[in-house]
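Take a walk through this structure, starting at a buried aromatic side chain and ending in the loops. Keep the model in view as you read.

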Amino acid sequence: MKYHSRHLGADIAGKDDARRLAPNPASAEMIAHLEDAGIETLSDRSDAQQPQCGFGLRGLCCRMCQMGPCRISDKSPRGVCGRDMELITVANLARAVAAGCSAQTMHARELALTLLGVTRGEIALERRSTSRLRDAGGALNVAFPWTPMEEVANSVARTMMDDLGRMSGEPLRALGFAPKERRRAWEAAGLTPRSAALEVVESLHMTTLGACSDWREMFAQAVRTSLAYAYSGLVGASVLTDILFGIPEPREVEVSLGVLKADHVNILVHGHSPVMLEKLLSAIDTEEIRELARESGAAGIVVGGMCCTGHEALARHGIPPVAGAMAQELAIGTGAVDAVVVDMQCVLPGMQTVAECFGTRIVTTCESNRIPAAVHVPFDPERPGTLDADAMTIARLAVDAFATRDRSSIHIPAAGGRATAGFTREAVLNSFGGVRKLLPLLESGAIRGIAAMVGCSTPKAPCEAGHVSIARELVRSGVLVLTSGCSAHAMFGAGLCGPDALRDAAPGLREACEDAGIPPVLAMGSCSDNARIIQVFAALAHEARRSLADMPFVLSGPELVNEKTVGQLVAMLAHGITSIVGLTPALPIPAVGPGLEAAEAGSSIGSNPMIEFFGGDGLASLVGARLLVRPDPADAAAAILDTLDAKRDALGWAGGTPAAGAA
Ligand code: XCC
């Protein structure tokens with residue numbers, strides 16, 4: 001432990017903890033290796049920042065005008081303008097959601113423009129899924145069964161683009177993908193979203209000085225923005241990616257850094273949008289590039305996946321995942337990586353330092369994302385004419401890097417493993433024989449509940465340890481886990497999606513998963529594919545004829561980092577999914593006011609209007625969910641199980657499965 005944060009009521013990890021406690025042995029080995037080599041990484045910079053600002057950690061500082069910065073305490077309970085704790089914390093939350101929505105909007109925009117380019121014949125891609133396109137046309141109400149597919153594709157892409165960007169106040173068309181029960185609930189609560197752009201602009205407007213003084217209305221705006229994000233952004237990107245590149249099928253792959261090979265060209269793909277990735281994989285597969293690699297003395301070419309572009313590569317091509325976003329420096333630190341091809345988001349500026357130490361070439365492919373020393377080969381979906389040639393340029397550059405780099409300092413951890421991943425809504429339901437077979441497993445208690453485990457990993461915890469220890473306890477207690485993004489990378493590294501993952505599972509869950517031929521932790525893809533998790537939840541709630549808020553489902557985000565994941569958290573709450581979060585700064589459950597003493601003593605339960613709203617009846621009466629903060633993984637697992645059991649009790653469903661080994 002680096003130190004105990006009285007503000008978070010949590011132990012904050014230091015680099016030593018990451019090295020000792022990282023559940024993925026490859027990560028632990030690389031942290032030690034880079035320390036020995038004197039190369040700075042995320043953990044060093046995190047250590048150097050400690051202790052972090054107690055006001056910032058609780059979302060209590062306001063920098064939204066130039067009279068500040070202001071910070072809230074018992075001594076000064078209002079900022080200069082008069083904003084109080086509630087208004088400041090909710091404004092910080094709303095701005096984080098707006099930023100997250102903006103990022104996802106750019107991701108979905110790239111895909112919508114790509115689909116338009118394909119329909120116009122400007123991009124040499126074939127649409128891979130007619131069924132997803134047909135469904136999207138239906139959900140967006142732009143196609144009849146007899147409408148020609150090219151016309152449907154055009155209408156889907158244009159409607160999605162319009163949902164991202166229009167400034168009029170009409171409701172989001174992509175709400176056609178949402179459960180009807182939720183749409184009614186949002187409408188009744190005044191939470192129906194308009195376009196993503198309008199909701200982002202309105203969030204920035206309402207949070208600027210003197211524009212809104214009612215924190216409940218500001219929170220409602222954050223919810224509308226999160227829903228625009230969820231449906232135009234997450235669902236938009238997930239559906240468009242399926243239409244363009246095909247619906248994934250689960251597949252078993254090798255995982256972790258051990259997939260890199262010292263005598264091969266090693267290329268990592270990193271980011272979120274898979275358009276350049278698809279072209280790059282085709283380029284690497286050409287005789288020209290294979291021959292170039294042979295001439296360079298390479299025994300072959302390895303492509304490894306990082307972050308969410310890694311999930312896209314895994315799900316559709318079986319590319320092995322090597323690391324989540326927060327381990328990107330560790331991957332480059334193997335010294336084996338010839339090129340990292342990055343598109344958009346979660347590309348840490350610090351990776352450049354490590355890349356320079358090893359001569360690794362960084363290639364940026366998104367106009368939004370520039371890195372000073374990188375080679376920039378951008379994909380502009382509005383001018384896609386050079387896409388194929390650009391992909392070849394990148395492939396040649398990676399092979400050239402192999403030929404010219406100093407390869408004397410390669411250190412590839414041997415630790416690895418296997419994982420089954422690439423689950424869609426269809427794959428999850430079909431594995432169990434359909435929603436009609438899966439629901440009775442839930443009703444009987446064979447499966448105690450379903451937890452969505454999502455989001456980033458933070459250096460405040462020992463390198464993915466929060467995700468892994470919670471997931472292990474949930475599986476042991478009979479909970480099926482659906483995961484995505486960097487949480488899924490943590491599960492891969494710890495073997496929780498692998499062939500032995502059922503060993504410690506509760507009997508009911510083990511039997512159900514053995515019959516289905518799946519692990520107890522199902523990796524459903526990138527962060528955008530949280531859309532798939534919502535769809536599984538929605539299918540079960542529909543089959544049970546219940547509200548989503550009634551069902552034994554939870555969200556666990558133990559280490560949320562990116563503003564995108566804050567937006568996803570609010571969207572899940574809006575779906576009635578009670579959420580248990582961990583070491584997350586700037587969330588509006590500050591340990592201040594009357595609850596200060598309890599919070600400082602280490603409890604996350606105090607009493608102030610924020611805690612009462614999010615953890616009590618305020619949010620519950622609005623959308624049917626609660627937000628609980630549990631930084632300690634054991635406390636988080638207990639809160640998840642309590643939440644699931646309370647839902648089961650209210651439904652009158654049988655009790656949960658006893659934990660494995662329990663009497
Ligand atoms: Fe977070 Fe999404 Fe980024 Fe990983 S990648 S750091 S947002 S979990 Ni999608």
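Phe613 is buried in this predicted model. Its relative accessibility is 5%, and the cut-off for buried is under 20%. A search of the whole structure finds 7 aromatic pairs. Trp215 and Phe613 make one of them, an edge-to-face pair. Their ring centres lie 5.1 Å apart, with 90° between the planes. The contact joins distant parts of the chain. Trp215 belongs to helix H10 (residues 215-245), whereas Phe613 belongs to helix H25 (residues 609-615). The two residues are 398 residues apart. Trp215 is buried as well, because its relative accessible area is 11%.

Phe613 also pairs with Phe219. This pair too is edge-to-face, at 5.3 Å centre to centre and 80° between the planes. Again helix H10 meets helix H25: Phe219 sits in the former, Phe613 in the latter, 394 residues apart. Phe219 counts as buried, because its relative accessibility is 2%. Ring pairs connect Trp215, Phe219, Phe613 and Phe614 into a cluster.

A ring can also meet a charge. The charged end of Arg58 sits over the ring of Phe55. The distance to the ring centre is 5.7 Å.

Now turn to the ligand. Which residues come closest to the ligand? They are His272, Cys346, Cys456, Cys486 and Cys527, out of 13 residues that surround the ligand. Helix H13 (307-317) and helix H23 (563-574) are the elements that give two or more residues to this shell. By class, the shell holds 8 nonpolar, 4 polar and 1 charged residues.

The ligand carries a nickel atom, coordinated by His272 through NE2 and by Cys308 and Cys527 through SG. The distances run from 2.2 to 2.4 Å. Is the geometry at the nickel atom tetrahedral or irregular? The site is irregular: the angles among the 4 donor atoms span 88 to 142°. A tetrahedral site needs all angles between 85 and 135 degrees, so the upper end of this range rules that class out. Along the chain, the donors follow the spacing H-x35-C-x218-C. Cys308 and Cys527 come from distant parts of the chain, 219 residues apart. Cys308 is in helix H13, while Cys527 is in the loop between strand S15 (521-523) and helix H22 (530-544). Both Cys308 and Cys527 are buried.

The backbone has its own details. A cis peptide bond joins Gln50 and Pro51, with omega about -10°. Pro51 lies in the loop between helix H3 (42-49) and helix H4 (54-57). The peptide bond from Gly68 to Pro69 is also cis, with omega near 5°. Pro69 is in the loop between strand S3 (61-62) and strand S4 (70-71).

Positive phi values come next. Gln345 is not a glycine, yet its phi is about 75°. Gln345 lies in the loop between strand S9 (339-342) and helix H15 (351-358). With a relative accessible area of 16%, Gln345 is buried. Cys463, likewise a residue other than glycine, has a positive phi near 45°. The loop between strand S13 (449-453) and helix H19 (465-476) holds Cys463. Where does Cys463 stand, buried or exposed? Cys463 is buried, with a relative accessible area of 16%.

Notes:
Residues numbered from 1 in each chain as written. Predicted model: local features only at pLDDT ≥ 70, side-chain atom pairs only at ≥ 80, totals over all residues. Heavy atoms only, no water. Phe/Tyr/Trp six-rings, centres within 6.5 Å; stacked < 30°, edge-to-face > 60°. Helix = DSSP H or I, 4+ residues; strand = E, 2+ residues; numbered from the N terminus. Buried < 20%, exposed > 50% of the residue type's maximum accessible area, 1.4 Å probe, protein only. Lys NZ or Arg CZ within 6 Å of the ring centre and 35° of its normal. Near = heavy atom within 4 Å. Nonpolar A, V, L, I, M, F, W, Y, C, P; charged D, E, K, R; others polar. Donors = N, O, S within 2.8 Å, 3.2 Å for Na, K, Ca; no water. Tetrahedral: all angles 85-135°; square planar, octahedral: opposite > 155°, others 65-115°.
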